[in-house]
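Work through the exercises below with the sequence and the coordinates open. Each task is followed by a solution in steps.

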Amino acid sequence: MFRRSRNAAAIATLFVDHFDPIYRFASSRVGRDAATDIAAETFAQALRSIDRMDPARDARPWLFGIANNVIRHHHRAEKRRLRAYAALKRQSDVAGPNGHPESETLMRAGLVDALVRLDARDREALLLFAWAELTYEEVATALDIPIGTVRSRIHRARRALRESLGDSSVSSGQLAIVTRKEA
Amino acid sequence: MNVDELTLLRRLAADEPADADAARAEVWRRLNGGEPQASDRRPDGRTRLPSRRVVAIAALVVVAGLLVAPALAIGDHLLGLLYGKSTPGDVQTPAWAPDGRKLAFVSQRDGNSEIYVMNADGSEQENLTRQPASDSHPSWSRDGRKLLFVSRRNGNAEIYVMNADGSGLRNLTRTPSDDLDPSWSPDGRAIAFVQKNCVPSRPCATAYETYLAVVNADGSGLRRLTTRRAHVFNPSWSADGKTIRYGRWLVRADGSGHSELPRNVPVAGAWSPDGQRIAFSRVSHSPADIRNPTKLGLWVVNADGSDARQVAPKATWGVPAPAWSPDGRRIAFRRYDGRLFESAGNSDLFVVNADGSGLRRLTRGAANVRWFAWSPDGRTIAFLRNKEVYIVKADGSAERRLTQLDK
């Protein structure tokens, strides 16, 4: 028979189980101010379209996929948030693991620069992997793209970031050109 | 340099420590009908709201509430969300005139929602409500002479009636609440509608307040038929005009004899023309059901809750509900093609006989079919795709687009 209460239970569980990671992910990408709105919109959309969820599968990649779509509408906030990461002076600068506090600040600046310059699709695949901690397969589900495409996007993105760390003499403009050529 | 790019990237995220407790409570409150509130913030910018444990308990209370009190406001609102609760301007079902010769529809082609009427072949499209506020939700009187609709021209949503040529405009509900979802009684003398108490100038004291109300077609005798706070939506009349249905609840048109239908009758189902059966899209998150596709899909159940059976697999859940053909023999419904996101896939229109035979796909569009309606003769279905009105024969032939946004 029609188990309304079970549906409601499932929805309450969905929220309680998945809110924190979704919110943290949104917060990392666009900052705390916009993250509450993004999380609210993500769950409202998820509830509205819950018939699209394959209930036999994990809801996590599906929810991150919705969150990622919502974040696309906040691309300015995202660029702002990402750039702000470069400006922050971290605790580790004082006693960094590599013993060269200044170097990490420089590396971060290069990394953030590369991150901002990434193709948006490469960046979102990478961040779903690195920040949302989805597997390649889950990223493929979240973005509704083949896993091979996920691999190549993340590979490309990581290489661009790695290059930004590897050779600080490469200016960000040159790096962008190099990255584009290789893509 | 012994830090790799991934480690460094992950460290970036740690620079934006997320106060999930406050945000979780705030989002839960919004999902339950609360407006975004800045006043919840303390001077230090942190939010004074319950912890994860409190939200988890609240969630359990909602679930328990659904078991014991179906009209509990908070649970009903969540259900409203789940069922895609309609709002004016959102419901854009093309409405067939009773003689099948004309269609009323809503278009935003001039920048805001207006009521248009056109011939059933798409010719002579005319805007009947040329004014800057939103007009939506048109429905024809049984004699085809008048159109009922919802307009926000006075600031809040109110129910209006006009002649089918746009003349003789009349506001039937001058109330401070939002008046929504109007439905003609079969004899055309009364209109059932939903009153929503929460309006921007007067926010709800509790999460959600909607009432079932009735007004005479001349605007007199406005009265509420429900007194408790509940999630009331899409009221409809029984064929004899004696009973009004909303969700799983029934009430006599004079406000007496309020009753609830059996538990297994769905909240958002479609009643057959004779009022004997209900078609609905079934969804379940019970693991036993999920692994058994015969438990989901399009179902039909008798109005007394007996003889529930599946008539088609894979029906799309939510609003709009499935729709019965005027003769009650067939059911049109939307079916999703199975991809994960609506933006990536399509809902297409299907028709199946009420006994489960003769399943037929009517549309293969590049975009979702949204609202749809049977023509009075049951031969054609009008539907909305990408905000444009289309028609297709009930056998799937002769699909045609009737409107163009730029025309």
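**Exercise 1. Find the residue opposite B:Arg245 in β15(B), then place the two strands in their sheet.**

Step 1. Opposite B:Arg245 stands B:Leu250 of β15(B). Strands here are DSSP runs of E with at least two residues, helices are runs of H or I with at least four, and both are numbered from the N terminus.

Step 2. Strand β14 (residues 243-246) and strand β15 (residues 249-252) of chain B run antiparallel and are joined by four bridges. Two strands count as paired if DSSP finds at least two bridges between them.

Step 3. The open sheet has four strands in the order β13-β14-β15-β16 (chain B), with antiparallel pairing. β13 (236-237) and β16 (259-260) of chain B are at the edges with a single partner strand each, so one side of each has no neighbour in the sheet.

**Exercise 2. State how far the model can be read.**

Step 1. This is a predicted model, in which local features need pLDDT of at least 70, side-chain atom pairs count only at pLDDT 80 or more, and totals for chains, interfaces and linings use all residues. Residues are numbered from 1 along each chain as its sequence is written, chains are lettered from A and ligands numbered from 1 in the order in which they are written, and side-chain values use heavy atoms, with hydrogens and water left out.

Step 2. Chain B has a mean pLDDT (the predictor's confidence in each residue, from 0 to 100) of 76, and 70% of its residues reach 70 or more. Over residues 61-90 of chain B the pLDDT is below 50, yet this stretch has 74 contacts (heavy atoms within 4.5 Å) beyond near neighbours in sequence. Where pLDDT is low, the predicted coordinates should not be read in detail.

Step 3. The scores of the model are ipTM 0.80 and pTM 0.57.

**Exercise 3. Is strand β10 (residues 190-196) of chain B enclosed or open?**

Step 1. Seven of its seven residues are buried (under 20% relative accessible area, with exposed over 50% and partly exposed in between; 1.4 Å probe, protein chains only), so β10(B) is largely enclosed by the rest of the structure.

Step 2. B:Ala190, B:Ala192, B:Val194 and B:Lys196 point one way, and B:Ile191, B:Phe193 and B:Gln195 the other. In a regular strand the side chains alternate between the two faces of the sheet.

Step 3. Five bridges link β10(B) to the antiparallel strand β9 (residues 178-184) of chain B, where B:Ser183 has B:Ala192 as its bridge partner. Seven bridges link β10(B) to strand β11 (residues 210-216) of chain B, also antiparallel, and B:Phe193 stands opposite B:Ala213.
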